[in-house]
Amino acid sequence: MYRTTVRKIASNYNTLRVPKRTLSNDASAGISSTNSAKFNSEDEKLGMRNMIGQYDIAIVGGGMVGIAFACALSSMPLTKQLKVAIIDSNPALGRRDCIEKTDLPDPRVSTVTPATISFFKDVGAWDYVQQNRHAFFDKMQVWDYTGLGYTRYNARDVGKEILGCVVENKVLHASLLSCLQKSDFHKTIYPSRLTSMALQSHSKEVESKLPGAKLCDHGSFVKLDLSNGDSLFAKLVVGADGAKSYVRELAGLKTTGWNYSQNAIICTVEHNVENQCAWQRFLPTGPIALLPIGDRFSNIVWTMSPKESSERKTMNEDDFVKAVNHALDYGYGPHPQSSSVSNYGDRLSWLIADMTSSSKECFEVPPKVVKIASERMVFPLSLLHSNDYASNRVVLIGDAAHTVHPLAGQGVNLGFGDATVLSKVISDGISIGSDIGEISLLRKFEAERKPANIMMMALLDGFQKAYTVDFGPLNVLRAAAFHAAQFITPLKKNIISYATGEQKWPLFS
């Protein structure tokens with residue numbers, strides 16, 4: 001199952017196809033051959049007018065990953081001199097929203113790893129996060145509905161203080177925006193949408209491979225047309241515009257992926273006690289996660305069938321609270337027995353040289369949910385991976401390049417990893433005089449990020465498939481996996497190091 005997933009996602013990895021040009025469809029983009037001829041004849045007027053509208057980099061998408069990439073550029077000596085455009089119609093980019101710590105938590109949260117926290121500190125955004133609601137956690141418990149096994153993780157197992165931190169997405173986004181606004185970085189925000197994109201060089205119109213599409217070659221820039229009528233030029237276009245990336249579509253970059261026929265329902269819940277642990281239980285229809293968010297609040301991420309999600313979204317609050325507690329407690333099956341697990345560990349003593357502290361911890365029941373503190377939101381789940389991350393003068397990062405199952409909370413961390421690596425690749429390119437939009441430079445970013453992203457995607461897809469099948473022999477194998485992760489110290493340490501971003505590969509790297 002795991003190998004099949006890797007083969008599907010990585011089928012094109014060893015043969016990176018480099019499009020010769022960036023595609024622009026006349027029907028949707030509004031660029032005709034007449035307009036192209038007009039543009040060619042007005043070369044200096046449109047391309048170089050007082051350098052207005054001409055940029056080194058255009059970032060399409062001003063979400064967390066796009067703004068994180070801009071912050072990364074602003075934090076390095078060689079890239080902070082670049083002229084950058086950020087294109088996004090989200091009005092939040094043009095204002096400074098006041099986030100009150102006393103507000104109820106938003107249900108849209110992210111679990112950021114220690115590696116991501118280090119990135120935020122490096123770019124100067126973490127202080128803002130610390131001034132708002134966030135919740136560090138140093139323990140995690142994972143188990144399934146069969147009651148055959150469980151695994152406890154503790155940051156002390158790898159000599160760390162935390163496993164991660166749960167933060168509202170609006171806080172992460174605002175922290176990055178605040179960091180960017182305070183810098184002297186040359187950036188311009190365009191509150192608009194991208195409508196078309198064409199590669200410009202040598203005043204020559206070129207036929208594209210798509211029916212009805214043409215390219216206008218005119219200088220070493222990409223011409224971007226916006227919904228408000230503006231046009232701008234950039235040496236490099238960075239697509240950070242999410243899973244339905246229009247940059248990816250215009251660039252003609254193909255994808256591999258599938259829908260899971262599952263939805264996730266998310267919401268904020270309240271307890272009578274503080275929750276300081278991350279909990280995840282695998283149920284027959286998918287996992288349910290309970291993540292601490294601080295101030296006796298937690299975040300629920302519950303995967304289920306589309307039909308179930310519709311029912312649970314509309315059921316009354318009391319019934320939903322009962323359903324959540326049922327799913328996190330005795331619902332669907334018994335609790336794992338700590339005593340039998342301990343005995344199992346004793347029988348494996350020959351394999352266990354030095355048990356971690358969490359290996360001796362008993363199974364615990366999560367704190368009861370007493371109230372729903374937000375609206376319930378539902379979204380469909382899918383896996384999507386771009387076969388190529390880069391073409392000439394175009395590169396994809398974040399969900400535009402890869403979308404994963406949320407069961408381990410790794411999606412945005414992969415995106416921040418992309419932002420970090422791409423900014424460093426561009427800085428290294430500038431240091432040796434490279435053109436930042438050349439495919440040879442962008443391939444270095446792809447070569448580093450694609451294998452790591454594929455590995456994480458394959459692991460998450462494998463977990464999703466393995467834990468949605470109720471089959472006796474497979475249940476036993478899953479139980480053995482829980483026991484192995486609980487008691488085999490080197491395995492547990494590697495799992496923690498990989499999940500927290502401290503280690504590039506999952507096993508013994």
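## Salt bridges and strand pairing around strand 6

Glu-361 counts as buried, with a relative accessibility of 15%. Let's see what surrounds this residue in what is a predicted model.

Two arginines pair with Glu-361. Arg-152 forms a salt bridge with Glu-361; Arg-152 lies in strand 6 and Glu-361 in the loop between helix 12 (338-347) and strand 18 (371-372), so this pair ties together parts that are 209 residues apart in sequence. Arg-156 also forms a salt bridge with Glu-361. Because Arg-156 sits in the loop between strand 6 and strand 7 (164-168), this second pair links parts that are 205 residues apart in sequence. Arg-152 is buried at 2% relative accessibility, whereas Arg-156 is exposed at 56%.

The table lists these pairs along with Asp-106 and Arg-108, which are buried at 17% and partly exposed at 42%, respectively.

| Salt bridge | Closest N and O atoms |
|---|---|
| Arg-152 with Glu-361 | 2.9 Å |
| Arg-156 with Glu-361 | 3.8 Å |
| Asp-106 with Arg-108 | 3.0 Å |

The count for the protein comes to 15 salt bridges, and a network of them links Arg-133, Glu-168, Lys-170 and Asp-295.

How does strand 6 fit into its surroundings? Strand 6 (residues 150-154) runs antiparallel to strand 5 (residues 139-144), joined by 5 bridges; Trp-143 has Tyr-150 as its bridge partner. The two strands form a hairpin with 5 residues between them, and Gly-147 in the turn has a positive phi of about 75°. Strand 5 also pairs with strand 15 (residues 277-283), in the parallel sense over 6 bridges, with Lys-139 opposite Cys-277.

Technical notes: Residues are numbered from 1 along each chain as its sequence is written. This is a predicted model: local features need pLDDT of at least 70, side-chain atom pairs count only at pLDDT 80 or more; totals for chains, interfaces and linings use all residues. Side-chain values use heavy atoms; hydrogens and water are left out. Two strands pair if DSSP finds at least two bridges between them. Helices (H or I, at least four residues) and strands (E, at least two) are DSSP runs, numbered from the N terminus. A salt bridge is a side-chain nitrogen of Lys or Arg within 4 Å of a carboxyl oxygen of Asp or Glu. Buried means under 20% relative accessible area, exposed over 50%, partly exposed in between (1.4 Å probe, protein chains only).
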